[in-house]
Amino acid sequence: MATAQPLYVLPGDTIDPSLIPTHKKLPLRLGPGLRHIPPSAIVPTVAGQLVADHKKNSMWVEYNGGRYIPAPNDLVIGQIQRSAADFYFMNLTPFTSNATLPQLAFEGATKKNRPQLASGALVYARVVLANRHMDPELECVSSSTGKAEGLGPLTGGMAFDVSLGLARRLLMARSREEGKVEILELLGAEGLAFETAVGRNGKVWVGSDSAKTIILVGRALRETDDGKLDVDQQKKLAKRLIREMK
Amino acid sequence: MPLDTSAYSLALLRVDGRRWNELRRMHAQIRTQAAADGSSYLEMGHTKVMCVVTGPSEPGPRRSAVGASGGTGVGGGSGEAAQAEVAVSIVIAGFSSVDRKRTARGDKRILEMQSTISNALAGSLHTHLYPHSAINISLHVLSQDGSLLAALINAATLACVDAGIPMTDYVAACTAGSTSTYAAGDEAADPLLDLNQQEEQELPGLTVATLGESDRVAVLVCESRVQVSRLEGMLAVAVDGCKQVREILDRVVRDKGRRMVQEGTIEKGVGVNDMEID
Amino acid sequence: MPREIEPSLNEKQFVLQALQEKFRLDGRQFDQYRPLELTFGDQYGVADVAFGKTKILAKASAEVTVPYADRPLDGVFAIATELSPMASPAFEVNRPTETEVLLSRLLEKTVRRSGALDTESLCLVAGQKCWSIRVDVHVLSHDGNLIDTACFAVVAALRHFRKPDTSVEGGILTVYTPAEREPVPLSWLHSPFCVTWSFYGDRGEIAVLDATWTEEQIRVASCTISLNRHGEICQISKLGGTPVEAVALLQCTSIALTKAKDFSVFLDKKLAEDTKKRNIGGFMAELRSENDR
């Protein structure tokens with residue numbers, strides 16, 4: 001677990017060696033925001049909260065803001081820009097170079113039968129390759145099982161922009177306890193029927209039959225994000241929005 | 001020199017002897033330039049403009065090097081060009097007005113007119129039929145006497161018709177004004193149709209372009225101070241004027257079509273065959 | 001070159017569908033503005049205006065220059081707009097985009113050509129000396145509706161601005177520092193405000209005020225109407241786009257008038273508050289001979 005008191009670091013700070021997790025077998029893994037300078041110095045490259053996971057022997061810096069930088073295994077929502085022979089060129093964030101999505105990287109896609117996506121369509125995908133100085137590569141199918149596992153083109157609905165921090169919190173396995181976001185569960189509990197897909201690149205797609213519901217969820221997300229609401233405030237917000245809707 | 005508007009109320013005649021709802025003499029020709037895909041020449045009173053259309057054709061090298069100073073307004077959608085781009089350039093001849101003024105290259109007033117014409121025509125032209133292409137409209141102002149923007153829009157419409165680019169309907173434009181200045185709140189003020197240079201300088205006025213015979217306004221530009229209550233009258237007169245202008249433009253196109261059929265000189269032929277010849 | 005992404009198909013379809021069902025993304029009414037914030041700087045002539053997430057800072061300044069030869073009795077008045085990459089990476093320095101040209105033309109027509117500032121009052125010595133008033137518009141954050149925000153900021157900055165007092169005696173011009181004489185406000189004739197409508201639908205039948213950036217990217221036409229509270233139109237520009245019914249445009253104008261009146265009241269109130277705040281202690285505090293040390 002992380003230390004009880006959140007520790008904030010600035011770029012170039014020295015990290016106290018006692019904070020670096022040690023493990024008998026696993027190698028130390030560095031997450032976003034940390035850089036290893038051989039032989040043994042670890043330096044933060046961004047300002048944020050230093051988090052260490054002793055079980056997995058990993059550490060990283062949590063920060064909110066900036067531009068999304070693709071990392072392998074991130075789930076993202078991309079927008080098709082254009083189609084080439086075997087690839088779709090995708091946009092993950094504005095003003096960055098494209099990511100590529102092979103046309104065969106969909107569930108059940110073959111040379112003859114592959115999804116035809118128009119430019120501007122949204123796709124929920126996983127980052128496979130993300131190297132510096134190279135365009136990231138995406139996929140919509142799990143290479144081990146061959147199943148889509150929820151990935152693929154998103155039809156209808158609406159994509160909302162949220163901060164990277166909120167997107168990450170929403171994607172946490174236990175978003176309520178660790179991420180302190182409960183707003184989606186609260187709205188669901190109030191009887192709204194909707195589905196969501198959260199992209200690590202700061203996009204949340206919301207789908208529902210009712211436009212009203214989509215707008216309400218979008219507003220809830222935006223207000224949670226802008227106001228940096230805690231769980232209690234989110235409860236109030238959910239109640240207020242539901243009341244406004246009626 | 002200030003315009004003497006006091007005489008108007010006596011005889012109800014304007015400085016050039018017109019009544020309030022009269023257009024100036026309007027004369028137009030199409031297919032004036034043999035080398036162009038489409039061309040036109042238009043006179044509204046003493047305002048004389050020429051238009052040459054090339055395209056739809058493959059877009060030239062990206063004009064990003066010159067920047068917007070080339071002043072091409074991008075009409076319709078941009079980006080990966082699912083639609084043709086309508087690029088407009090306006091050249092105002094040095095001898096076109098009384099004081100021989102050189103217009104600066106990046107003159108914002110001209111850039112604004114270019115973008116207006118481009119956007120107005122893009123709304124009527126079926127640009128989606130020509131992805132990855134450009135329609136270049138170049139306009140030349142030979143003589144200025146008021147209602148410049150309106151004349152340019154009309155000339156561009158005619159040239160696009162001549163070029164055989166599919167469009168919903170004519171975009172016809174004209175101006176309207178009001179007899180009293182903004183400060184005077186007199187209710188008796190008459191709206192005026194088709195302002196000339198003198199009237200344009202002294203009186204509040206607006207330029208309106210409508211689509212075909214409908215009341216739908218594609219362009220509405222007002223650059224002078226005027227009471228809100230005056231707007232309705234001016235707009236009504238202008239929209240009515242646009243319909244008259246549309247008739248004139250339509251006659252020009254049909255006359256030319258008929259003559260071409262008679263002479264058997266329809267070498268371009270596109271669209272003319274389908275034309276109803278009366 | 002990497003560039004801005006257009007809204008995705010899903011977004012385009014949804015925004016349109018929602019508008020047809022009479023909803024906007026942020027839950028506003030069609031004719032409702034985002035919350036307006038206005039703060040004045042410590043200096044005279046600095047106004048910071050925000051409509052929702054769109055934020056613009058305008059700063060007015062004055063200097064003494066030589067008037068133009070063809071207008072010896074007029075002062076110089078200029079509005080400078082530059083959209084910097086700070087607002088959006090789509091804007092590049094020294095390469096004006098269409099947005100920027102249209103914005104500066106609109107401000108020019110609304111504020112300058114409508115005679116909001118009495119330029120003759122800026123003349124100091126005919127043909128030799130005059131004030132040059134310059135307003136710099138800085139876009140700090142761009143979330144749609146730059147025009148209305150910029151116009152409000154310019155008007156607020158100019159109304160707030162005080163130029164140094166001057167006197168001319170025997171052909172000698174004296175400019176007083178604020179310590180010597182209290183700076184004087186500009187001779188301001190009327191306050192125009194821009195109201196921008198965005199149109200949606202095949203025939204432009206849906207009209208919306210104060211569009212956000214997403215909404216702006218999807219609109220098929222727009223119309224900016226500038227009015228002052230006396231009901232005078234200073235400028236209208238609907239520069240192309242999908243044609244809209246003439247009657248609808250007249251309705252838009254009358255709604256715009258009520259909005260312009262609201263803005264006018266809001267600005268007057270804020271200016272009065274600011275004057276009060278600056279005047280703490282009042283005249284007597286200025287006259288006090290002892291200081292705090």
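How much area is buried between chain C and chain B, and what percentage of that area do carbon and sulfur atoms give? In this predicted model, the area buried between the two chains is about 3,200 Å², and carbon and sulfur atoms give 54% of that area. The residues that meet here can be counted on each side, with 39 residues of chain C in contact with 37 residues of chain B.

We can turn next to the polar side of this interface, where the rule finds 21 residue pairs in polar contact, both residues of each pair being at pLDDT 80 or more. The count of salt bridges between chain C and chain B is six, and one of them joins Arg105(C) to Glu112(B), with the closest N and O atoms 3.0 Å apart. As for the elements of chain C that touch chain B, helix H2 (98–113), strand E14 (232–245) and helix H5 (246–278) each supply at least two residues to that side. Among the contributors, E14(C) gives the most, with 14 residues. When the residues on the side of chain C that touches chain B are sorted by character, they divide into 14 nonpolar, 13 polar and 12 charged.

Strand E14(C) also takes part in a pairing that crosses from one chain to the other, since strand E10 of chain B, residues 226–227, pairs with E14(C) in the antiparallel sense over two bridges. To find this place in the structure, the reader may look for Gln227(B), whose bridge partner in E14(C) is Glu232(C).

Conventions. Residues are numbered from 1 along each chain as its sequence is written. Chains are lettered from A and ligands numbered from 1 in the order in which they are written. This is a predicted model: local features need pLDDT of at least 70, side-chain atom pairs count only at pLDDT 80 or more; totals for chains, interfaces and linings use all residues. Side-chain values use heavy atoms; hydrogens and water are left out. Contact means heavy atoms within 4.5 Å. Buried area is the accessible area (1.4 Å probe) that two parts lose on being put together, summed over both. A salt bridge is a side-chain nitrogen of Lys or Arg within 4 Å of a carboxyl oxygen of Asp or Glu. A polar contact is a pair of N or O atoms within 3.5 Å; within protein, one must be able to donate a hydrogen and the other to accept it, and residues adjacent in sequence count only if both atoms are side-chain atoms. Helices (H or I, at least four residues) and strands (E, at least two) are DSSP runs, numbered from the N terminus. Ala, Val, Leu, Ile, Met, Phe, Trp, Tyr, Cys and Pro count as nonpolar, Asp, Glu, Lys and Arg as charged, and the others, Gly among them, as polar. Two strands pair if DSSP finds at least two bridges between them.
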